[in-house]
Amino acid sequence: RPLGVGAGGLAVLAAIESEEREAIIERVAPALPAFGKLTDAGLRLACEETARAGVAVIQNRVSLGVTAVGAHFCDSMGQAMGAVSVAALTQRMTAARVRRIAQQVRAAAAQIEQRIRTRALVTQGALAVFAEHGFLGSSIEQILVRAGVSRSAFYSQFDGKLAVVCAIAEDFEPEWTPLFDVLADLHDPDMESLTAWAAIFLDFHRNNLETCTLLTQVTALEEK
């Protein structure tokens with residue numbers, strides 16, 4: 001389903017930068033008429049209305065007789081990354097109920113954003129603390145102070161230091177995976193190819209020294 005057709009997708013599309021949004025609309029335009037005879041101009045107008053309202057509302061577009069309401073949420077960098085949406089039979093979606101649901105999905109999206117921000121603050125703060133004191137020498141209290149979050153906010157997402165390291169590793173995976181994909185694609189490599197890859201790896205390690213050092217430390221401890 002093209003982005004912007006459903007309530008959640010429309011909420012996200014309306015929230016992204018205009019240049020990227022226009023590129024997406026141009027790309028999905030050929031598929032739009034299958035959804036309630038939607039056009040690229042109609043999708044642009046829907047994005048404008050959604051941006052003004054702060055919530056996306058669609059009716060009879062994806063499914064006949066269905067109305068949906070959606071609100072976007074952002075990542076820790078302020079970029080739209082997902083949405084919360086609710087759909088129900090149009091006959092049950094009175095104007096008052098749509099307004100009430102709009103408030104609820106906006107509140108749910110705000111809660112998700114808060115959790116995302118807290119997670120980012122904790123992982124960034126913890127990485128700095130681990131770099132200074134090592135994994136074993138660091139405490140939850142030091143992480144809380146560096147991250148600037150409450151103890152309850154921390155424990156709502158993490159049960160301890162190891163859980164934080166797992167989150168750091170999860171965020172780091174998209175960074176290192178492509179590098180090792182390149183190595184895996186080197187079928188029967190010669191010394192020149194391996195040397196070139198090793199140089200790239202060392203560069204990567206230097207640029208991500210804190211994270212690499214932490215993951216090496218914790219892996220060694222877990223093996224023991």
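Here are some exercises with worked solutions on the predicted model shown above.

**Exercise 1. Buried or exposed?**

Decide whether Thr50 and Arg99 are buried or exposed.

*Solution.* Start by placing Thr50: you will find this residue in helix 3, which spans residues 40-53. Next, look at its relative accessibility, which is 7%. The cut-off for buried is under 20%, so Thr50 counts as buried. To see what surrounds Thr50, skip the neighbours within four places in sequence; the contacts are then Leu10, Ala11, Ala14, Val55 and Ala56.

Now turn to Arg99, a residue of helix 4 (residues 95-137). Its relative accessible area is 55%. Exposed means over 50%, so Arg99 is exposed. As an extra step, find Val57 in your viewer: it is 42 residues away from Arg99 along the chain, and the two C-alpha atoms are separated by 10.0 Å.

**Exercise 2. Trace the sheet**

Work out the order of the strands in the open sheet and how they pair.

*Solution.* A reminder helps here: strands of a sheet pair through backbone hydrogen bonds, either parallel or antiparallel.

- Step 1: The sheet has 3 strands in the order 1-2-3, and the pairing is antiparallel.
- Step 2: Strand 1 and strand 3 each pair on one side only, which makes them the edge strands.
- Step 3: On average, and ignoring direction, neighbouring strands are turned by 20° against each other.
- Step 4: Count the bridges. Strand 1 and strand 2 share 4 bridges, while strand 2 (residues 66-74) and strand 3 (residues 80-89) are joined by 9 bridges.
- Step 5: Follow single partners. Val57 is bridged to Val69 in strand 2, and Gln59 has Thr67 in strand 2 as its partner. From Thr67 you can go on to Ala88, its bridge partner in strand 3.

**Exercise 3. Look at the turns and faces**

Find which residue takes a positive phi in each hairpin, and which residues of strand 1 make up its covered face.

*Solution.* Begin with the hairpin of strand 1 and strand 2. It has 6 residues between the strands, and Asn60 takes a positive phi near 60°. Move on to the hairpin of strand 2 and strand 3, with 5 residues between the strands; here Gly78 has a positive phi near 85°.

For the faces, split strand 1 into two sets. Ala56 and Ile58 form the covered face, whereas Val57 and Gln59 form the uncovered one. Finally, look at what lies across the sheet: helix 4 crosses strand 1, strand 2 and strand 3, running at about 25° to strand 2.

**Exercise 4. Find the cores**

Identify which element gives the largest share of the largest nonpolar core.

*Solution.* In soluble globular proteins, nonpolar side chains tend to be buried together.

- Step 1: The largest nonpolar core has 21 residues, and Leu10, Leu13, Ile16, Leu32 and Leu43 touch the most other members.
- Step 2: Two or more residues come from each of helix 1 (7-15), helix 2 (18-28), helix 3 and strand 1 (56-59).
- Step 3: Helix 1 gives the largest share, 6 residues.
- Step 4: Zoom in on Leu13. Leaving out residues up to four places away in sequence, Leu13 touches Leu3, Gly4, Arg21, Ile24, Ile25, Leu43 and Cys47.
- Step 5: Apart from this core lies another one of 19 residues, including Phe135, Ile140, Leu144 and Ala167.

**Exercise 5. Compare helix pairs**

Describe how helix 4 packs with helix 7 and with helix 5, and how helix 2 packs with helix 3.

*Solution.* Two packed helices are described by the angle between their axes and the distance between the axes.

First pair: helix 4 and helix 7 (residues 161-184) pack at about 110°, with axes 10 Å apart. Angles of 65 to 115 degrees count as roughly perpendicular, so these two helices are roughly perpendicular to each other. The crossing is left-handed. Among the residues that meet are Phe130 and Phe135 in helix 4 and Leu162 and Ile168 in helix 7.

Second pair: the axes of helix 4 and helix 5 (residues 140-147) come within 8 Å and cross at roughly 140°. That makes the pair oblique, and the crossing is right-handed.

Third pair: helix 2 and helix 3 have axes that come within 10 Å and cross at roughly 145°. Helix 2 passes helix 3 in a right-handed crossing. The contact includes Arg21 and Ile25 of helix 2 and Leu43 and Cys47 of helix 3.

Conventions
Residues are numbered from 1 along each chain as its sequence is written. This is a predicted model: local features need pLDDT of at least 70, side-chain atom pairs count only at pLDDT 80 or more; totals for chains, interfaces and linings use all residues. Side-chain values use heavy atoms; hydrogens and water are left out. Buried means under 20% relative accessible area, exposed over 50%, partly exposed in between (1.4 Å probe, protein chains only). Contact means heavy atoms within 4.5 Å. Two strands pair if DSSP finds at least two bridges between them. A nonpolar core is a set of buried Ala, Val, Leu, Ile, Met, Phe, Trp, Tyr and Cys residues joined through side-chain atoms within 4.5 Å. Axes are lines fitted to C-alpha atoms, for helices over the stretch in contact, and angles run from 0 to 180 degrees between N-to-C directions. Angles under 35 degrees count as roughly parallel, over 145 as roughly antiparallel, 65 to 115 as roughly perpendicular and the rest as oblique. A crossing is left-handed if the near helix is turned anticlockwise from the far one by less than a right angle, and right-handed if clockwise.
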